[in-house]
Amino acid sequence: MTGRFTGWHMLAIMLAGFGLIIAVNLIMARAAISTFGGEVVANSYVASQRYNDWLKAAAAQRALGWRAVARVDPAGRLHIIATDAAGKPFSARVVVTARHPLGRMPDQRIALHTRGTDHVAERALPPGRWLLHIEVDAAGRTARFADDVTA
């Protein structure tokens, strides 16, 4: 036997193993900190007090049966179609705010113009994935929807 496994070999293996674990943990911690701001609601106590009101509003919205369908055309422009409980498009005032899911870009309020029952963005969305907050107002009622699209 020409080579012997000594305590120095074991020390080198242990240091390399723990060094790898520490390096991976540091990389993952940095990635986690840089991609999520950590805030879901500004004040969790106030949010908890409004929870039942939010449930009532959601039940009232479900009773309306409205839907808001979002799609992005090949030119990158957003289209929103509001449909009633029967699935028929109807005229409404539609307001859209696009939010980048990781907060890397500022929220964008999307200006829409109406073509019949289709609401079309005036300009293309920047490339990437967007979370849409859609508000539909018609006949004195308001419904809010969330959708995600990729431009």
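Is Phe90 buried or exposed? Phe90 counts as buried, at 14% relative accessibility. The model is predicted. Phe90 belongs to the one aromatic pair that a search of the whole structure finds. Its partner is Trp66.

**The aromatic pair**

- The ring centres of Trp66 and Phe90 lie 5.0 Å apart.
- Their planes meet at 45 degrees, so the pair counts as tilted.
- The pair links distant parts of the chain, with the two positions 24 residues apart in numbering.
- Trp66 sits in the loop between helix 3 (51–64) and strand 1 (67–72).
- Phe90 sits in the loop between strand 2 (78–83) and strand 3 (93–99).
- Trp66 is buried as well, because its relative accessibility is 10% and the cut-off for buried is under 20%.

**Thr83 beside the pair**

- Thr83 is part of strand 2.
- Its relative accessible area is 12%, so Thr83 is buried.
- Leaving aside neighbours within four places in sequence, Thr83 contacts both ring residues, Trp66 and Phe90.
- Its contacts on the same terms also include Gly65, Arg67, Lys88 and Pro89.

**Strand 3 and its partners**

- Strand 3 pairs with strand 7 (residues 129–138) in the antiparallel sense, over seven bridges.
- Within that pairing, Arg93 has Asp137 of strand 7 as its bridge partner.
- Strand 3 also pairs with strand 4 (residues 108–110), again antiparallel, over three bridges.
- There, Ala98 stands opposite Gln108 of strand 4.

Conventions. Residues numbered from 1 in each chain as written. Predicted model: local features only at pLDDT ≥ 70, side-chain atom pairs only at ≥ 80, totals over all residues. Heavy atoms only, no water. Phe/Tyr/Trp six-rings, centres within 6.5 Å; stacked < 30°, edge-to-face > 60°. Helix = DSSP H or I, 4+ residues; strand = E, 2+ residues; numbered from the N terminus. Buried < 20%, exposed > 50% of the residue type's maximum accessible area, 1.4 Å probe, protein only. Pairing = 2+ DSSP bridges. Contact = heavy atoms within 4.5 Å.
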